[in-house]
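Okay, thanks for coming, everyone. I've got one structure to walk through today, and I'd like to begin with its pocket and then move on to the sheet.

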Amino acid sequence: MEKALKDKIEIVQGDITKMEVDAIVNAANTSLLGGGGVDGAIHRAAGPELLAETRTIGGCPTGEARVTKGYRLPARWVIHTVGPIWSGGYGEEDELLAKCYINSFKAALELGVATVAFPSISTGAYRFPLKRAVNIALRETKFFLQHNQSIKKVMFVCFGGDVYKKYQELSKEIFE
Ligand code: ADP
């Protein structure tokens, strides 16, 4: 029998660069040349080869995703996606954040991976309201898992305790 959807998601508190999964998602910026927050942590942990590869890509529009290798990371692949900068909800931020998840899953499908880990996209420097962002992350993940069976595990890696609590709370509503 097919595994229950809620058994395919795992919410953990920690550092995404340490995750032993097939692919990790990076909350990048449109340049793809590295930045602060999770993006900086991923570039530091992957090593300079990552920047060398992202330089060849030439950027990524908000809501889209681009794939590189993981280099020195435990993860084989990095799926770089660019979340929207929160500007009060008047700039289609909800739709753009949903597209980040949709396009990251699409990239994961194309890679043929079984396990993928996400950070809480746009909720750091980009200031997207946490509850609103986590709702979008979980609803898009549920929709994807309802329609695709190839991904066996989706991890949400929460850096801070507030983010972890929000994922735990909303996943009960959305997945149970
Ligand atoms: P954005 O610019 O998309 O808002 P940030 O990197 O500023 O991206 O923040 C996104 C989330 O990633 C925040 O919750 C932040 O605390 C978290 N974060 C920062 N470093 C890491 C890390 N090493 N692993 C997982 N999450 C991280």
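So, this is a predicted model, and please keep that in mind throughout. Let's go to the largest pocket: 26 residues line it, and the ones nearest its centre are Ala27, Gly37, Val38, Asp39 and Gly124. Which elements give two or more residues to that lining? Those are strand E2, at 23–28, helix H1, at 37–46, and strand E6, at 153–158. H1 gives the most, with 4 residues.

For those of you thinking about docking grids, the space in the largest pocket comes to about 590 Å³. And what does the lining look like by class? We get 13 nonpolar residues, 11 polar ones and 2 charged ones.

Right, on to the sheet. There are 6 strands here, forming an open sheet, and if you read across, the order is E1-E6-E5-E2-E4-E3, with mixed pairing. Why is one side of E1 and one side of E3 left without a neighbour in the sheet? Strand E1, residues 9–13, and strand E3, residues 65–69, stand at the edges, so each has a single partner strand. As for twist, neighbouring strands are turned by 25° against each other on average, ignoring direction.

Quick reminder on the chemistry: strands of a sheet pair through backbone hydrogen bonds, and the pairing can be parallel or antiparallel. Now look at strand E5, residues 115–118. On one side, E5 pairs with E2 in the parallel sense, over 2 bridges. If you want to find that pairing on screen, isoleucine 24 stands opposite alanine 117 in E5. E5 also runs parallel to E6, and 4 bridges join those two. A handy place to click there is threonine 115, whose bridge partner in E6 is lysine 153.

Now the helices that pack on this sheet. Helix H4, residues 130–147, lies across E1 and E6, and its direction is at about 170° to E6. Put E5, H4 and E6 together and you have a β-α-β unit, a right-handed one. Then there's helix H2, residues 48–57, which lies across E3 and strand E4, the latter at 77–82. H2 runs at about 140° to E3.

One last thing to take back to your desks: E6 is one of the elements lining the largest pocket, and E6 is also part of that right-handed unit. Okay, over to you for questions.

Terms used: Residues numbered from 1 in each chain as written. Predicted model: local features only at pLDDT ≥ 70, side-chain atom pairs only at ≥ 80, totals over all residues. Heavy atoms only, no water. 1 Å grid on protein atoms, 1.4 Å probe; cavity = no way out; pocket = protein on both sides within 12 Å on 5 of 7 lines; lining within 4 Å. Points joined across faces, edges and corners; volume = space filled by probe spheres on them. Nonpolar A, V, L, I, M, F, W, Y, C, P; charged D, E, K, R; others polar. Pairing = 2+ DSSP bridges. Axes fitted to C-alpha atoms, helices over the stretch in contact; angles between N-to-C directions. Contact = heavy atoms within 4.5 Å. Right-handed = clockwise from strand over helix to strand, strands pointing away.
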